[in-house]
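Welcome, and please open your viewer for a short guided tour. At each stop you will hear what to select and what is there.

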Amino acid sequence: SKEASTGSHAVRINALRAAVLGANDGIVSVAGILTGVAGATLDFAPLLTAGVAAVSAGALSMAVGEFVSVSAQRDSEAALLGKERRELEEMPEQELAELTQLYQDKGLSPALAAAVAQQLHEHDALAAHAEAELGIDPDDLTNPVHAAASSALAFAAGSLLPLGAMLLAPTASKIYATIVAVVCALTLTGFLGARWGGTPVPRSVARNVAGGLVAMGVTYWIGRLVGVGLG
């Protein structure tokens with residue numbers, strides 16, 4: 001149906017937006033750490049160690065955070081569905097009246113609202129009440145494992161460009177190559193985020209790039225100060 005396809009499209013858009021945000025986090029976090037280390041030393045081994053550690057820790061942190069968050073959301077949804085299921089068993093007539101009133105509140109006439117509520121109630125009462133009252137699809141609860149894996153992969157994918165630029169560029173141009181790579185990557189994620197979020201593209205890209213460059217600049221000079229102090 002049109003409604004189903006619209007809902008499915010919205011879910012895909014939200015998933016893509018989350019992937020862009022995860023990739024953006026990987027770009028900025030890893031680039032910031034690498035430029036901080038580069039402020040102290042441009043030797044390959046320390047940069048490689050810092051880069052691998054940053055990607056691993058960041059991806060795992062994203063995965064754990066998303067798993068905990070989505071698990072809590074799923075538990076909440078399950079609890080609400082359990083409560084609704086009990087109410088349907090204990091007081092079906094009151095629940096039917098409540099569903100009818102919800103459809104009236106949406107603009108249906110009393111007679112049509114009663115007919116729709118009755119038909120949906122007989123077909124799948126829990127699904128009808130969950131959608132109308134709670135905005136939940138009982139057959140499509142959020143999956144914490146999928147969310148955790150997606151967040152980790154998005155972070156790791158975003159981190160690859162600054163990591164590759166820092167490690168593969170000649171020593172004299174490592175910083176500059178990383179800056180260029182980060183600007184390109186943040187421009188892309190800013191553009192995609194703006195398109196999917198329906199916000200102005202120039203503002204989103206400028207904010208994205210400026211934030212990333214500030215983070216890199218601050219960590220670079222911290223790295224330089226620490227390196228000089230330890231040296």
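One term will help from the start: a residue counts as buried when its relative accessible area is under 20%, as exposed when that area is over 50%, and as partly exposed in between. Keep in mind, too, that this is a predicted model.

**Stop 1: helix α6**

Select residues 174–197, which make up helix α6. This helix has 24 residues and reaches 34 Å from its first C-alpha to its last, close to the 34 Å expected at 1.5 Å a residue. Now colour its buried residues: Lys174, Ile175, Thr178, Ala181, Val182, Ala185, Leu186, Thr189, Gly190 and Ala194. An α-helix has 3.6 residues a turn, so residues three or four places apart point the same way. Then step just past the end of α6 to glycine 198, which takes a positive phi of about 70°.

**Stop 2: the loop before α6**

Select alanine 172, in the loop between α5 and α6. Is alanine 172 buried or exposed? Alanine 172 counts as exposed because its relative accessible area is 72%. Add leucine 42 to your selection: 130 residues separate the two in sequence, yet from C-alpha to C-alpha they are 8.7 Å apart in space.

**Stop 3: a salt bridge in α2**

How many salt bridges does a search of the whole structure find? The search finds 1. To see it, select glutamate 87 and lysine 83, whose side chains meet at 2.7 Å, N to O. Side chains of opposite charge can pair when their charged atoms come close. Both residues belong to helix α2 (residues 44–90) and sit 4 residues apart, about one turn of the helix. Their surroundings can be compared by relative accessibility: glutamate 87, at 15%, counts as buried, while lysine 83, at 44%, counts as partly exposed.

**Stop 4: a nonpolar patch**

Stay with α2 for a moment and show the surface. Val64, Phe67, Val68 and Val145 make a nonpolar surface patch of about 360 Å². Which helix gives the largest share of this patch? It is α2, with 3 residues. Pick out phenylalanine 67, which lies in α2. With a relative accessible area of 38%, phenylalanine 67 is partly exposed.

**Stop 5: a negative patch**

Next, select Asp124, Glu131, Asp137, Asp139 and Asp140, which form a negative surface patch. Zoom in on aspartate 140, placed in the loop between α4 (110–134) and α5 (144–168). Aspartate 140 has a relative accessible area of 53%, so it is exposed.

**Stop 6: a buried alanine in α4**

From that patch, move to alanine 128, found in helix α4. At 9% relative accessibility, alanine 128 counts as buried. Select alanine 117 as well: the two C-alpha atoms are separated by 8.1 Å, with these positions 11 residues apart along the chain.

**Stop 7: glycine 26 in α1**

Helix α1 covers residues 2–40, and glycine 26 lies in it. What is the relative accessibility of glycine 26? The value is 0%, so glycine 26 counts as buried. For a partner to display, choose alanine 54: it is 28 residues from glycine 26 along the chain, and their C-alpha atoms are separated by 9.0 Å.

**Stop 8: tryptophan 221 in α7**

Finish at tryptophan 221, in helix α7 (residues 201–230). Tryptophan 221 is exposed because its relative accessible area is 53%. Draw a distance from its C-alpha to that of threonine 35: the two residues are 186 apart in sequence and 8.7 Å apart in space.

Conventions
Residues are numbered from 1 along each chain as its sequence is written. This is a predicted model: local features need pLDDT of at least 70, side-chain atom pairs count only at pLDDT 80 or more; totals for chains, interfaces and linings use all residues. Side-chain values use heavy atoms; hydrogens and water are left out. Patches are made of residues with over 30% relative accessible area and no salt bridge: like charges are joined within 9 Å, nonpolar side chains (Val, Leu, Ile, Met, Phe, Trp, Tyr) within 5 Å. Accessible areas come from the Shrake-Rupley method with a 1.4 Å probe; for residues, only the protein chains shown count as cover. A salt bridge is a side-chain nitrogen of Lys or Arg within 4 Å of a carboxyl oxygen of Asp or Glu. Lys and Arg count as positive and Asp and Glu as negative; His and the chain ends are not counted. The place of a charge is taken as NZ of Lys, CZ of Arg, CG of Asp or CD of Glu. Helices (H or I, at least four residues) and strands (E, at least two) are DSSP runs, numbered from the N terminus. Buried means under 20% relative accessible area, exposed over 50%, partly exposed in between (1.4 Å probe, protein chains only). The expected span of a helix is 1.5 Å times one less than its number of residues.
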